[in-house]
Amino acid sequence: MNDNDTAYYAEEAATLGDRVVAAREAMGMTQKDLARQLGVKLKTVQGWEDDRTEPRANKAQMMSGVLGVSLSWLLSGEGAGVPEPVETPELGTDLSSALRDIRKLKVELSQSVRQLGAIEKRLRRVL
């Protein structure tokens with residue numbers, strides 16, 4: 001969309017909170033989903049999205065991975081972010097649901113890989 005009057009998201013005026021919302025919605029996630037993935041309270045995610053607070057560095061890094069955007073884009077708007085929405089033909093409900101499920105599973109797998117790595121490090125220290 002090029003018309004800034006109708007765009008839901010204007011890159012040049014976007015804040016950190018705006019970018020979090022855009023990336024979260026592009027992944028088909030709710031605020032509650034994102035909070036759960038990051039291990040924070042819903043109120044924390046709401047604070048970030050409303051630009052009342054900012055995430056700590058470790059949470060910002062995790063969030064960029066969960067949302068599939070670069071940390072640089074998330075913090076400054078520069079770099080790899082969410083693609084501009086394009087009009088697509090109406091997908092059937094089953095197909096749309098399946099695509100959301102795939103995106104959600106990818107996020108969960110990414111989180112599981114990080115958790116597995118942390119467990120492996122703990123085991124190596126013990127061994």
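A residue counts as buried when its relative accessible area is under 20%. In this predicted model, Pro55 has a relative accessible area of 14%, so Pro55 is buried. Pro55 lies in the loop between α3 and α4, the latter spanning 57-67. Setting aside neighbours within four places in sequence, the contacts of Pro55 are with Leu16, Trp48, Ala60 and Met63. Along the chain, Pro55 and Val45 are ten residues apart, and 8.6 Å separates their C-alpha atoms.

Arg19 offers a second example of a buried residue: its relative accessibility is 5%. Arg19 belongs to helix α1, which covers residues 16-26. From there, the side chain of Arg19 reaches the backbone oxygen of Trp73 at 2.9 Å.

The next topic is how two helices pack. A pair of packed helices is described by the angle between their axes together with the distance between the axes. For helix α2 (residues 31-38) and helix α3 (residues 42-49), the axes come within 8 Å and cross at roughly 110°. Angles of 65 to 115 degrees count as roughly perpendicular, and α2 and α3 are therefore roughly perpendicular to each other. Their crossing is right-handed. On the α2 side, the contact is made by Gln31, Lys32, Leu34, Ala35 and Leu38, while α3 contributes Leu42, Val45, Gln46, Trp48 and Glu49. Sorted by character, the residues of this contact comprise six nonpolar, two polar and two charged.

Two residues of α3 link this helix pair back to the loop: Trp48, a member of the contact with α2, also touches Pro55, and Val45, another member, has its C-alpha atom 8.6 Å from that of Pro55.

Note on methods. Residues numbered from 1 in each chain as written. Predicted model: local features only at pLDDT ≥ 70, side-chain atom pairs only at ≥ 80, totals over all residues. Heavy atoms only, no water. Axes fitted to C-alpha atoms, helices over the stretch in contact; angles between N-to-C directions. Helix = DSSP H or I, 4+ residues; strand = E, 2+ residues; numbered from the N terminus. Parallel < 35°, antiparallel > 145°, perpendicular 65-115°, else oblique. Left-handed = near helix turned anticlockwise from the far one by under 90°. Contact = heavy atoms within 4.5 Å. Nonpolar A, V, L, I, M, F, W, Y, C, P; charged D, E, K, R; others polar. Buried < 20%, exposed > 50% of the residue type's maximum accessible area, 1.4 Å probe, protein only. Polar contact = N/O pair within 3.5 Å; in protein donor to acceptor, adjacent residues only side chain to side chain.
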